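Student: Please take me closely through one part of this model, its interior, and set it within the chain as a whole. I would like one connected account rather than a list.

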Amino acid sequence: EVAGGQFLSVAKSLVCCQTSRSQDVVVGAVVEEMIDIGRLIVCIPKHVLHCLRQMVDLIMTTIQLSTLCPPYVRNALKQSSQYKKQSQQRKLLFLKYVLSDHVYEDLLDLELLPLANGSMTTFETAQRRPAIFVSTRECPQSMFPSLSDRFVDDTIGHDLEHHLRQIACNKCLQVRLARVPDVVCLVRQVLSSLDTSPTRNIIEWQPARKGHPPEEWINDLWMWINRHIDEISVDSFKSYILPCVKGNE
């Protein structure tokens with residue numbers, strides 16, 4: 001039974017286990033989204049679902065029983081842009097569901113990758129998009145204050161972060177763990193966003209200005225360089241990392 005009294009054939013139905021929907025906020029959000037994009041959901045008890053599967057397997061071999069599952073939801077979301085209008089928290093629930101079977105490569109083209117700037121971007125292959133980094137202990141996102149669009153949101157919770165780290169290790173998408181060799185390039189990007197004097201090799205750095213690194217940033221950066229001095233060359237930065245006092249450049 002669906003939509004307040006209608007009865008559907010198995011072939012037209014998307015079947016959801018009733019107990020899962022009532023107990024799991026993640027599944028509940030997914031079910032509501034499927035309804036919003038026009039899927040006909042039939043929520044039935046677990047034992048009825050079991051019997052229905054047996055019946056289809058035994059006597060209805062030409063009919064496919066569609067059940068709510070991560071592959072189905074990934075495909076449905078890709079066919080509709082409706083989910084992109086949902087709130088960030090709502091989309092994080094969708095992400096948690098479609099990650100649950102660990103088939104990470106099927107996330108391709110889904111706009112569900114949470115960024116540190118509070119937005120979502122699309123999962124892409126590494127060849128199609130610049131890397132999106134997951135912070136690590138040795139390379140925290142705080143080192144790159146103006147690059148929040150290049151880092152995964154680190155407030156999404158342990159479960160989601162674990163999945164995204166697995167994606168980074170699998171190298172199937174553009175997500176990567178931030179490592180020491182990445183710092184040189186990322187620091188250059190931080191500094192390139194600032195105003196450079198046209199006549200002198202100097203950057204106008206104003207810590208109180210929006211988009212500029214805070215005052216403690218340069219000290220933290222040099223402390224990081226000191227810790228990793230054996231892994232990098234300071235010369236490799238080829239950037240402006242020496243602070244100077246105006247009037248005594």
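Tutor: In this predicted model, the protein chain contains eight helices and nine strands. Of its 249 residues, 41% are buried, while the chain exposes about 14300 Å², half of which, 50%, is supplied by carbon and sulfur atoms. If one takes the contacts between residues at least 6 apart in sequence, 65% of them join residues at least 24 apart.

A useful way into the interior is through a set of paired strands. Three strands make up an open sheet with parallel pairing, and their order is 2-1-3. Strand 2, residues 41-44, and strand 3, residues 66-67, are the edge strands, each of them pairing on one side only. Strand 1 covers residues 14-17 and is joined to strand 2 by four bridges in the parallel sense; with strand 3, which also runs parallel to strand 1, there are two bridges. Leucine 14 can be used to read the register on both sides, for its bridge partner in strand 2 is isoleucine 41, and in strand 3 it stands opposite serine 66. Further along strand 1, cysteine 17 faces isoleucine 44 of strand 2.

The side chains of these strands can be sorted by direction. In a regular strand the side chains alternate between the two faces of the sheet. In strand 1, Leu14 and Cys16 point one way and Val15 and Cys17 the other, and all of these residues are buried. Strand 2 can be described in the same terms, with Ile41 and Cys43 pointing one way, Val42 and Ile44 the other, and all of them buried.

From the sheet we can pass to the packing of nonpolar residues. The largest nonpolar core has 41 residues, and those with the most contacts inside it are Met34, Leu68, Leu107, Leu112, Phe123 and Ile167. Strand 1 and strand 2 are among the elements that give two or more residues to this core, together with helix 2 (25-36), helix 4 (70-78), helix 5 (88-98), strand 6, helix 6 and strand 7 (175-177). Helix 2 gives the most, with six residues. Leucine 68 deserves a separate look: leaving aside residues up to four places away in sequence, it touches Leu14, Val15 and Cys16, as well as Val27, Val30, Val31, Met34, Val73 and Tyr97. Apart from the largest core lies another, of 21 residues, which includes Cys139, Ala178, Ile218 and Leu221.

The aromatic rings add a more local detail. A pair of aromatic rings is described by the distance of the centres and the angle of the planes. Two aromatic pairs are found in a search of the whole structure. One of them joins phenylalanine 133 and phenylalanine 151, with a centre-to-centre distance of 5.7 Å and 35° between the planes, so that it counts as tilted. This pair links distant parts of the chain, 18 residues apart, with phenylalanine 133 in strand 6 (residues 132-134) and phenylalanine 151 in the loop between strand 6 and helix 6 (158-170). The other pair brings together phenylalanine 144 and phenylalanine 151, which are stacked at 5.5 Å centre to centre with 15° between the planes. Through these ring pairs, Phe133, Phe144 and Phe151 are linked into a cluster. Phenylalanine 133 is buried, as is phenylalanine 151; for phenylalanine 151 the relative accessible area is 0%, and phenylalanine 144 is likewise buried because its relative accessible area is 0%.

Finally, the cysteines call for a careful reading. A disulfide is a covalent bond between the sulfur atoms of two cysteines. A search of the whole structure finds zero disulfides. As for burial, cysteine 172 counts as partly exposed because its relative accessibility is 25%, and cysteine 185 counts as partly exposed because its relative accessibility is 43%; Cys16 and Cys17 of strand 1, by contrast, are buried.

Conventions. Residues numbered from 1 in each chain as written. Predicted model: local features only at pLDDT ≥ 70, side-chain atom pairs only at ≥ 80, totals over all residues. Heavy atoms only, no water. Pairing = 2+ DSSP bridges. Buried < 20%, exposed > 50% of the residue type's maximum accessible area, 1.4 Å probe, protein only. Contact = heavy atoms within 4.5 Å. Areas by Shrake-Rupley, 256 points an atom, 1.4 Å probe, with all protein chains shown as cover. Disulfide = S-S within 2.5 Å. Phe/Tyr/Trp six-rings, centres within 6.5 Å; stacked < 30°, edge-to-face > 60°. Core = buried A, V, L, I, M, F, W, Y, C linked by side-chain atoms within 4.5 Å.
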